[in-house]
Amino acid sequence: MSKHAEGASEGAQRKIYSAYDDPGTAEEISRRQFMAKATLTVSGLIGLGLVIPIVGSLLPEGSTAAGNWAPLTADELKTLEAATAKPIKLTFALKAKDSYLPEQTSQEYVWGIKTDEQKFIQARPDVFTNGPTGKPDVPYDVVNMGFVIFSPLCPHLGCRFNWDDSANKFLCPCHGSQYTFEGEHVAGPANRGLDPLPLREQSGVAEIMWIRYKSTVADRIVISYQS
Ligand code: FES
């Protein structure tokens with residue numbers, strides 16, 4: 001290489017190095033810092049968006065921490081209080097909020113029965129892990145204020161059953177599963193009794209929580225807190 005060409009090459013390399021060494025103007029430095037902070041913020045938000053559903057999915061099965069409480073109207077509570085040997089259908093507004101969608105409200109219903117706690121425990125050993133003295137197999141009290149609330153979905157394949165006065169049972173129209181007043185499974189292909197849902201009293205208002213349990217299986221496995 002000629003001396004002239006060598007000199008030109010060294011000059012070009014010096015220019016490249018000096019371009020990296022040059023921190024730039026104050027405006028350029030500030031723009032770079034802004035872009036770095038913006039990138040970190042966006043990455044953080046994306047990470048948070050991923051972490052929240054993951055943490056939600058790790059909540060214990062049936063945990064009331066993940067669902068929405070829905071108030072019953074005063075009239076419906078009165079009807080339930082006045083109930084005798086017949087279940088009461090209770091309608092309510094179910095609010096559901098998906099992580100990425102606006103809140104939506106739909107009309108839902110559940111079945112409520114008035115019962116004595118000991119009688120219910122005797123009638124539904126499947127809901128209590130260690131027999132009559134055991135705890136419910138769901139992480140909430142099953143009998144509250146003298147009432148039990150049932151999901152309206154048949155544990156077989158999720159059809160909606162009805163109370164039949166003449167049979168004195170809940171009857172499912174799809175494949176013939178039958179349940180007693182306390183929700184005990186007595187006939188048909190279902191693998192468990194009716195699913196009790198959480199009920200609580202909050203500042204004088206009765207509130208219930210919607211939980212959808214997996215159908216066909218014997219255990220209560222939460223699949224959704226939405227209708
Ligand atoms: S869905 Fe109720 S018996 Fe099949």
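**Exercise 1. Work out what share of the protein is buried, and how far its contacts reach along the chain.**

Start with burial: in this predicted model, buried residues account for 25% of the 227 residues. Next, take the inventory of elements, which comes to four helices and 13 strands. Then turn to the contacts between residues at least 6 apart in sequence: 55% of them join residues at least 24 apart.

**Exercise 2. Find out what the average pLDDT is, and which stretch falls below 50.**

Step one is the average: the protein comes out at a pLDDT of 79, and 70% of the residues score at least 70. Step two is the weak spot, residues 47-61, where the pLDDT is below 50. Step three, check what that stretch touches: beyond near neighbours in sequence, it has nine contacts in the model.

**Exercise 3. Lay out the sheet that contains β1, β10 and β11, and say which strands stand at its edges.**

Begin with the order. This is an open sheet of three strands, running β1-β11-β10 with antiparallel pairing. Now the edges: β1 and β10 each have a single partner strand, so one side of each is left without a neighbour in the sheet. For the twist, neighbouring strands here are turned by 40° against each other on average, direction ignored.

Next, go through the pairings one at a time.

- β1 (residues 69-71) and β11 (residues 205-209) run antiparallel and are joined by three bridges.
- Within that pairing, Trp-69 sits opposite Met-209 of β11, and Ala-70 faces Ile-208 of β11.
- On the β10 side, residues 199-202 pair with β11 over four bridges, again antiparallel.
- Here Glu-201 stands opposite Ala-206 in β11, while Gln-202 is across from Val-205 in β11.

Finish at the turn: the hairpin of β10 and β11 has two residues between the strands, and Ser-203 there takes a positive phi near 50°.

**Exercise 4. Decide whether Ala-206 is buried or exposed, and list what it touches.**

First place the residue: Ala-206 belongs to strand β11. Then count the surroundings. Ala-206 has 25 other C-beta atoms within 10 Å, and the cut-off for buried is 20 or more. Ala-206 is therefore buried.

Now for its contacts. Leaving out residues up to four places away in sequence, Ala-206 touches Leu-72, Leu-77, Leu-199 and Glu-201. Glu-201 is a familiar name, as the residue that stands opposite Ala-206. Finally, look further along the chain: Met-145 is 61 residues away from Ala-206, yet their C-alpha atoms are separated by 9.3 Å.

**Exercise 5. Give the strand order of the four-stranded open sheet, and identify its edge strands.**

Write down the order: β5-β6-β7-β8, an open sheet with antiparallel pairing. The edge strands are β5 (162-164) and β8 (185-187), each of which pairs on one side only. Then zoom in on the β6 and β7 pairing. Strand β6 covers residues 169-171 and β7 covers residues 178-179, and two bridges hold this antiparallel pair. To pin down the register, use Phe-170, whose bridge partner in β7 is Tyr-179.

How values were computed. Residues numbered from 1 in each chain as written. Predicted model: local features only at pLDDT ≥ 70, side-chain atom pairs only at ≥ 80, totals over all residues. Pairing = 2+ DSSP bridges. Buried ≥ 20, exposed ≤ 12 C-beta atoms within 10 Å, placed from the backbone. Contact = placed C-beta atoms within 7 Å. pLDDT = per-residue confidence, 0-100. Axes fitted to C-alpha atoms, helices over the stretch in contact; angles between N-to-C directions.
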